[in-house]
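Let's take a walk through this structure together, starting with its sheet and ending with a few unusual backbone angles. Keep the model open beside you as you read.

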Amino acid sequence: MRIALVQMCSGTDPAANVEMACGMIRRAADEGAQFVATPETTHLVQKDADQAFAVMKGESEELAIPTFAALAKELGITLLIGSLAIRLGERKAANRSLLFGTEGEILARYDKAHMFDVGLGQGETYRESANYQAGETLSVTDLGEARLGLSICYDVRFAYLYRALAKAGAEIISVPAAFTRPTGRAHWEVLLRARAIETGSYIIAPAQGGLHADGRKTWGHSMVIGPWGEIVAQLDHAEPGILHAELDMRKVAEARRRIPALEHDRALTL
């Protein structure tokens, strides 16, 4: 499977972000990708909640969705939009991944389950739960020759989610992200490699990278990790770019045969 990860530096204007994403997706497909994935918050990075909700739409009104659907159909690719901010109510939204098939149909949805409520020091604080509603369901979907499990960014710190996805049949797990620079520098690679090793899965992680219009700085360094924990491909920077990789699904079966850890769960008591 030939894939491409789109690394972006999305800003505060949804229309401009969608236009940028479409151009990069088209280029990735022109370069041979059959499956293309974009990062978390593809169409909006805006830390000011009032300004974010002023432009946020519900799923049925969000124009980015038919735009990406039409693009997937035109290009004949499977397209994962890492996430869109989807309005659920007056002051609540979902951080939602959408997977489009080659006919432009929505194959799967996933709402980010774990909210990024952290204080990193030096004034960098996030309270995602103040404006976003946590998802409650897993999402695993057939991609023809493989099964794809969906996750988003901060989810990567919760190993049980990835084990559950793998046990549900996922052989590829997506981690679209907008990692901060401090956490990215310290934890990005090691967390992605750990999730791959624990599950014997490919981990694909398209990222936001750069200095955003709202002042946020993200880590970038999009990565593809193999089921043995090896780095298959990576970007070594935080600027927009496209990362190509080829996935060999036989390596998933091989890793799980060599170390069948998914079969070795035990119920322990304290």
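A good first stop is residue I203: its bridge partner in strand 14 is I225. This pair belongs to the contact between strand 11, residues 202-205, and strand 14, residues 223-225, which run antiparallel and are joined by three bridges. Please remember that you are looking at a predicted model.

Now widen the view from these two strands to the sheet around them. Six strands make up an open sheet, and their order across it is 8-9-10-11-14-15, with mixed pairing. Strand 8 (140-142) and strand 15 (231-234) are the edge strands; each has a single partner strand, so one side of each has no neighbour in the sheet. On average, neighbouring strands here are turned by 20 degrees against each other, direction ignored. As a reminder, strands of a sheet pair through backbone hydrogen bonds, in either a parallel or an antiparallel way.

Two helices are worth following from here. Helix 5, residues 181-199, lies across strand 10 (172-174), strand 11, strand 14 and strand 15, and runs at about 30 degrees to strand 14. Helix 4, residues 159-167, has L161, Y162, L165 and A166 among its buried residues. Why do these residues lie on the same side of helix 4? They cover an arc of only 135 degrees around the axis, and this places them on the same side of helix 4. The general background is that an α-helix has 3.6 residues a turn, so residues three or four places apart point the same way. What covers the buried residues of helix 4 includes strand 5 (106-111), strand 8, strand 9 (147-150) and strand 10, as well as helix 5 and helix 6 (250-258). After helix 4 comes G169, which has a positive phi near 110 degrees.

Next, look at the hairpin of strand 6 and strand 7. These two strands pair in the antiparallel sense over four bridges, and G121 stands opposite E124 in strand 7. Two residues lie between the strands of this hairpin, and Q122 takes a positive phi near 55 degrees.

The hairpin also leads us to the aromatic rings. The structure has five aromatic pairs. One of them is F116 with Y126, a tilted pair with 5.2 Å from centre to centre and 35 degrees between the planes. This pair links distant parts of the chain: F116 is in the loop between strand 5 and strand 6 (117-121), while Y126 is in strand 7 (residues 124-127), 10 residues apart. Are these two rings' residues buried or exposed? F116 counts as buried at 13% relative accessibility, and Y126 is buried as well, with a relative accessible area of 17%.

Another pair is that of Y154 and F158, which is edge-to-face, at 5.3 Å centre to centre and 80 degrees between the planes. Y154 counts as buried because its relative accessibility is 15%, under the 20% cut-off. F158 has a relative accessible area of 22%, so F158 is partly exposed. Ring pairs join F116, Y126, Y154, F158 and Y160 into a cluster.

Let's turn to the cysteines. How many disulfides does a search of the whole structure find? The search finds zero. C9 is in no disulfide, and the nearest cysteine sulfur, that of C153, is 15 Å away. Why is there no bond between C153 and C9? The sulfur of C153 is 15 Å from the closest cysteine sulfur, in C9, which is too far for a bond; a disulfide would need the sulfur atoms within 2.5 Å. The surroundings of the two residues can be compared too: C9 is partly exposed, with a relative accessible area of 22%, whereas C153 counts as buried at 7% relative accessibility.

C153 brings us to the backbone angles. Most residues other than glycine have a negative phi. C153 has a phi near 45 degrees, a positive value in a residue other than glycine, and lies in the loop between strand 9 and helix 4. T41 is another case to look up: its phi is positive, about 50 degrees, although T41 is not a glycine. You will find T41 in the loop between strand 2 (35-37) and helix 2 (49-55), where T41 counts as buried at 13% relative accessibility.

Methods: Residues are numbered from 1 along each chain as its sequence is written. This is a predicted model: local features need pLDDT of at least 70, side-chain atom pairs count only at pLDDT 80 or more; totals for chains, interfaces and linings use all residues. Side-chain values use heavy atoms; hydrogens and water are left out. Two strands pair if DSSP finds at least two bridges between them. Axes are lines fitted to C-alpha atoms, for helices over the stretch in contact, and angles run from 0 to 180 degrees between N-to-C directions. Contact means heavy atoms within 4.5 Å. Buried means under 20% relative accessible area, exposed over 50%, partly exposed in between (1.4 Å probe, protein chains only). The arc is that of the directions from the helix axis to the C-beta atoms. Rings of Phe, Tyr and Trp (its six-membered ring) pair if their centres lie within 6.5 Å; planes under 30 degrees apart count as stacked, over 60 as edge-to-face and the rest as tilted.
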